[in-house]
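Biologist: I'm new to reading structures and would love a close look at just one part of this one. Could you pick a helix and walk me through what it packs against?

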Amino acid sequence: MNTFFIMGGICLILAPLIYRYPMLLAGYNTMPKKEREKIDTKQLKRSAAGGIMVFGIITAFFGFLPDIRWVHYTYIGFSLIFLIVFLCLISTKKMQKR
């Protein structure tokens, strides 16, 4: 079985779990309770679960491509760009309660 399908499947399983239990997020999990109250949990879990879901779908899509070197390099590039953009969007002030 292709590794891309396994990784995509894991992401697709984790996305609803993170939406249901936001304490699975590492940074949110370790915050003191006072700081956690400042975070808009609804926006955080929707953004995190949505990002992981999109990442899982695209990762599974790469499993349908031929198993050649340029596909792997393209996936690595996509993963790095997606991770940087995703982290910048999540870490903005939009996650704070108004």
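**A helix between two partners**

Modeller: Happy to! Let's begin with helices H4 and H5 (residues 69-90), whose axes come within 11 Å and cross at roughly 175°. Please keep in mind that this is a predicted model. Angles over 145 degrees count as roughly antiparallel, and H4 and H5 are therefore roughly antiparallel to each other. On the H4 side, the residues that meet H5 are Leu 44, Ser 47, Ala 48, Gly 51, Val 54, Phe 55, Ile 58, Thr 59 and Phe 62. Facing them from H5 are Val 71, Thr 74, Tyr 75, Phe 78, Ser 79, Phe 82, Phe 86 and Ile 90. Sorted by class, this contact has twelve nonpolar residues, five polar and no charged.

Now let's turn to the other partner. Helix H1 (residues 3-20) and helix H4 (residues 41-62) have axes that come within 7 Å and cross at roughly 165°. H1 and H4 are therefore roughly antiparallel to each other too, and their crossing is left-handed. From H1, the contact takes in Phe 4, Phe 5, Met 7, Gly 8, Cys 11, Leu 12, Ala 15, Pro 16, Ile 18 and Tyr 19. H4 contributes a list that includes Lys 45, Arg 46, Ala 49, Ile 52, Met 53 and Thr 59. Here the classes come to 17 nonpolar, three polar and two charged residues.

Two residues of H4 make good stopping points as you look around. Take Thr 59, which lies in helix H4. Is Thr 59 buried or exposed? Its relative accessible area is 1%, so Thr 59 is buried, since the cut-off for that is under 20%. Leaving out residues up to four places away in sequence, Thr 59 touches Phe 4, Met 7, Gly 8 and Tyr 75. Thr 59 appears in the contact with H1 and also in the contact with H5. Within its own helix, the side chain of Thr 59 reaches the backbone oxygen of Phe 55 at 2.7 Å.

The second stop is Met 53, also found in helix H4. Met 53 has 31% relative accessibility and so counts as partly exposed. Setting aside neighbours within four places in sequence, Met 53 is in contact with Leu 12, Ala 15 and Pro 16, and those three residues belong to the H1 side of the contact with H4. For one more pair to find on screen, try Met 53 and Gly 8: they are 45 residues apart along the chain, and their C-alpha atoms are separated by 8.6 Å.

Terms used
Residues are numbered from 1 along each chain as its sequence is written. This is a predicted model: local features need pLDDT of at least 70, side-chain atom pairs count only at pLDDT 80 or more; totals for chains, interfaces and linings use all residues. Side-chain values use heavy atoms; hydrogens and water are left out. Axes are lines fitted to C-alpha atoms, for helices over the stretch in contact, and angles run from 0 to 180 degrees between N-to-C directions. Helices (H or I, at least four residues) and strands (E, at least two) are DSSP runs, numbered from the N terminus. Angles under 35 degrees count as roughly parallel, over 145 as roughly antiparallel, 65 to 115 as roughly perpendicular and the rest as oblique. A crossing is left-handed if the near helix is turned anticlockwise from the far one by less than a right angle, and right-handed if clockwise. Contact means heavy atoms within 4.5 Å. Ala, Val, Leu, Ile, Met, Phe, Trp, Tyr, Cys and Pro count as nonpolar, Asp, Glu, Lys and Arg as charged, and the others, Gly among them, as polar. Buried means under 20% relative accessible area, exposed over 50%, partly exposed in between (1.4 Å probe, protein chains only). A polar contact is a pair of N or O atoms within 3.5 Å; within protein, one must be able to donate a hydrogen and the other to accept it, and residues adjacent in sequence count only if both atoms are side-chain atoms.
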